[in-house]
Amino acid sequence: MSKGPEIANLNRLINEIKVLNGSISILEKASIEKDQALINTSLDAINFRIREISKQTMNLIAANLKPTNFTIDSVLTELAKSEPSSKELREMLEPQLQSLRKWALSEILTLSLD
């Protein structure tokens with residue numbers, strides 16, 4: 001049985017995590033520089049990416065893989081604030097993203113060896 005589709009989905013997940021981390025970094029920079037247009041753009045990107053990562057983790061569960069828990073409720077609450085904190089977003093997301101990324105890399109290795 002080919003594990004190609006699962007590996008491709010895991011690679012997509014890792015890429016989404018990388019892009020989300022980049023968006024958070026851009027938000028931090030934009031907040032320091034008080035660039036409202038860049039802040040809004042990065043917040044939109046973060047909102048989109050966390051929803052994509054959440055969907056991908058659900059799809060992986062449906063494929064009988066067991067990703068680490070990725071919860072977005074608190075992040076969505078922070079994003080809904082009139083002035084979301086880049087520091088708060090980083091603190092909420094970083095541990096989850098690191099754990100999810102490590103899990104995905106481990107799964108890729110395991111599936112590649114099967």
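Helices (H or I, at least four residues) and strands (E, at least two) are taken here as DSSP runs, numbered from the N terminus. The structure is a predicted model, in which local features need pLDDT of at least 70 and side-chain atom pairs count only at pLDDT 80 or more, whereas totals for chains, interfaces and linings use all residues. Residues are numbered from 1 along each chain as its sequence is written, and side-chain values use heavy atoms, with hydrogens and water left out.

The protein chain contains four helices and zero strands, giving the pattern α-α-α-α along the sequence. Its C-alpha atoms fill a box of roughly 50 × 20 × 20 Å, taken along the principal axes. Of the 114 residues in the protein chain, 38% are buried, where buried means under 20% relative accessible area, exposed over 50%, and partly exposed in between (1.4 Å probe, protein chains only). Contacts are defined by heavy atoms within 4.5 Å. Among contacts in the protein chain with a separation of 6 or more, 71% are between residues 24 or more positions apart.

Helix α1 covers residues 4–33. The expected span of a helix is 1.5 Å times one less than its number of residues. For the 30 residues of α1 this gives 44 Å, and the end C-alpha atoms are 43 Å apart, which agrees. The buried residues of α1 are Glu-6, Ile-7, Leu-10, Leu-13, Ile-14, Glu-16, Ile-17, Leu-20, Ser-23, Ile-24, Leu-27 and Ala-30. Their cover includes α2 (36–62) and α4 (86–113).

Two residues of α1 illustrate its surroundings. Ser-23, in helix α1, has a relative accessibility of 8% and therefore counts as buried. Apart from neighbours within four places in sequence, Ser-23 is in contact with Ser-42, Ala-45 and Ile-46. Of these contact partners, Ser-42 and Ile-46 are among the buried residues of α2. Glu-28 also lies in helix α1, but is partly exposed, with a relative accessible area of 26%. With residues up to four places away in sequence not counted, Glu-28 touches Ser-86 and Arg-90. Glu-28 and Arg-90 are 62 residues apart along the chain, and their C-alpha atoms are separated by 9.0 Å. The side chains of Glu-28 and Arg-90 are joined by a polar contact of 3.1 Å. A polar contact is a pair of N or O atoms within 3.5 Å; within protein, one must be able to donate a hydrogen and the other to accept it, and residues adjacent in sequence count only if both atoms are side-chain atoms.

Lys-34 follows α1 and is placed in the loop between α1 and α2. Although Lys-34 is not a glycine, its phi is positive, at about 55 degrees. Its relative accessibility is 70%, so Lys-34 counts as exposed. At the N-terminal end of α2, Asp-35 acts as a cap, with a side-chain oxygen 3.3 Å from the backbone nitrogen of Ala-37.

The 27 residues of α2 should span 39 Å, and the end C-alpha atoms are 39 Å apart, in agreement. Buried residues in α2 are Ile-39, Ser-42, Leu-43, Ile-46, Ile-50, Glu-52, Ile-53, Ser-54, Gln-56, Thr-57 and Leu-60. What covers them includes α1, α3 and α4. Just after α2, Asn-64 takes a positive phi of about 65 degrees. Asn-64 lies in the loop between α2 and α3 (73–79) and is exposed, with a relative accessible area of 64%.

The largest pocket has a volume of about 220 Å³. On a 1 Å grid over the protein atoms alone, a pocket is an open set of points where a 1.4 Å probe fits, with protein on both sides within 12 Å along at least five of seven lines, and lining residues have an atom within 4 Å of a point. Grid points are joined across faces, edges and corners, and the volume is the space filled by probe spheres set on the points. The lining consists of Leu-27, Ser-31, Lys-34, Gln-36, Ile-39, Asn-40, Leu-43, Ser-82, Glu-83 and Pro-84. Helices α1 and α2 each supply at least two of the lining residues, and α2 gives the largest share, four residues. By class, the lining has four nonpolar, four polar and two charged residues, where Ala, Val, Leu, Ile, Met, Phe, Trp, Tyr, Cys and Pro count as nonpolar, Asp, Glu, Lys and Arg as charged, and the others, Gly among them, as polar.
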